Amino acid sequence: RYPRIHKNFVVSYRIYGDPDNVDISQTRDISEGGMLLTTNRSFDTGTILAIEIRLPFIPTPIRLLGKILGSKEVARNLIYETRLVFTYMDEQSKEFVKNSVNYFVKKDEK
């Protein structure tokens with residue numbers, strides 16, 4: 001649905017509503033609508049994560065919520081590829097994500 005870039009950006013995440021258990025990881029790919037990130041555990045489909053992502057050219061992290069679409073184990077009991085769709089972010093953050101994705105789409109086309 002949206003252009004997707006395969007870039008690694010630093011992400012911190014936790015289950016929404018649980019202020020503890022924050023973990024840090026990185027994206028595998030990202031679009032305006034969602035992302036794939038590596039996690040150290042599997043998440044049930046439908047789980048809501050509170051996420052902070054650091055994008056280039058933006059000094060502060062973007063905060064958003066995402067709903068898990070699936071977690072796939074890639075290294076036994078160690079690494080999971082977790083797909084999620086963005087469910088909430090403010091308008092400015094949406095623009096930052098859109099502009100960042102578009103920047104790398106154009107850069108990668110060259």
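Entry 1. Strands and T38.

I take strands to be DSSP runs of E with at least two residues, numbered from the N terminus. The model I am reading is a predicted one. In these terms I placed T38 in strand β3. Is T38 buried or exposed? I found a relative accessibility of 16% for T38, and because buried means under 20%, T38 counts as buried. I then listed what T38 touches, leaving aside residues up to four places away in sequence. The contacts of T38 are Y13, S25, Q26, R28, I79 and Y80. Several of these residues return in later entries.

Entry 2. Pairing of β4, β5 and β6.

I looked up how β4 and β5 are joined, and found 6 bridges with the two strands running antiparallel. As an example, I noted that I48 stands opposite K67 of β5. I next followed β5, which covers residues 62-75, to its pairing with strand β6, residues 79-88. Here I read 9 bridges, and β5 and β6 also run antiparallel. One residue I traced across this pairing was I68, whose bridge partner in β6 is L84.

I then turned to the hairpin of β5 and β6, where 3 residues lie between the strands. Which residue in this hairpin takes a positive phi? I found that N77 does, with a value near 55 degrees.

Entry 3. A nonpolar patch on the surface.

I asked which residues form a nonpolar patch on the surface. The patch consists of V74, L78 and I79, and their accessible area together is about 250 Å². I located V74 in strand β5. V74 has a relative accessible area of 43%, so I record V74 as partly exposed. I79, a member of this patch, is also one of the residues that T38 touches.

Entry 4. Aromatic pairs.

I counted the aromatic pairs and obtained 4. For F9 and F104, I read a distance of 6.0 Å between ring centres and an angle of 50 degrees between the planes, so the pair is tilted. The two residues come from distant parts of the chain, 95 residues apart: F9 is in the segment before β1 (10-15), and F104 is in helix α1, residues 91-109. I checked the accessibility of each. F9 has a relative accessibility of 7% and therefore counts as buried. F104 stands at 9% and therefore counts as buried.

How is the pair of Y13 and F43 arranged? I found it to be edge-to-face, with 6.0 Å from centre to centre and 80 degrees between the planes. Y13 belongs to strand β1 and F43 to the loop between β3 (34-39) and β4 (48-53), so this pair ties together parts 30 residues apart in sequence. I noted both Y13 and F43 as buried. Y13 appeared before, among the contacts of T38.

I also looked for a cluster of aromatic residues. F9, F57, Y103 and F104 form one such cluster.

Entry 5. Salt bridges.

How many salt bridges does a search of the whole structure find? The search gave me 4, and I examined several of them in turn.

I began with R4 and D29, which form a salt bridge with their closest N and O atoms 2.6 Å apart. This pair links distant parts of the chain, 25 residues apart, with R4 in the segment before β1 and D29 in strand β2, residues 23-30. R4 is at 41% relative accessibility and so counts as partly exposed. D29, at 8%, counts as buried.

I went on to R28 and E81, whose side chains meet in a salt bridge at 2.6 Å, N to O. R28 lies in strand β2 and E81 in strand β6, so distant parts of the chain, 53 residues apart, are linked. I recorded R28 as partly exposed, with a relative accessible area of 36%. E81 counts as buried, at 17% relative accessibility. R28 is also one of the residues touched by T38.

I ended with E52 and R63, whose side chains meet at 2.8 Å, N to O. E52 is in strand β4 and R63 in strand β5, with their positions 11 residues apart in the count. Is R63 buried or exposed? I found R63 exposed, with a relative accessible area of 59%. E52, at 26% relative accessibility, counts as partly exposed.

Methods: Residues numbered from 1 in each chain as written. Predicted model: local features only at pLDDT ≥ 70, side-chain atom pairs only at ≥ 80, totals over all residues. Heavy atoms only, no water. Patch = residues over 30% accessible without salt bridge, like charges linked within 9 Å, V, L, I, M, F, W, Y side chains within 5 Å. Areas by Shrake-Rupley, 256 points an atom, 1.4 Å probe, with all protein chains shown as cover. Helix = DSSP H or I, 4+ residues; strand = E, 2+ residues; numbered from the N terminus. Buried < 20%, exposed > 50% of the residue type's maximum accessible area, 1.4 Å probe, protein only. Phe/Tyr/Trp six-rings, centres within 6.5 Å; stacked < 30°, edge-to-face > 60°. Contact = heavy atoms within 4.5 Å. Pairing = 2+ DSSP bridges.
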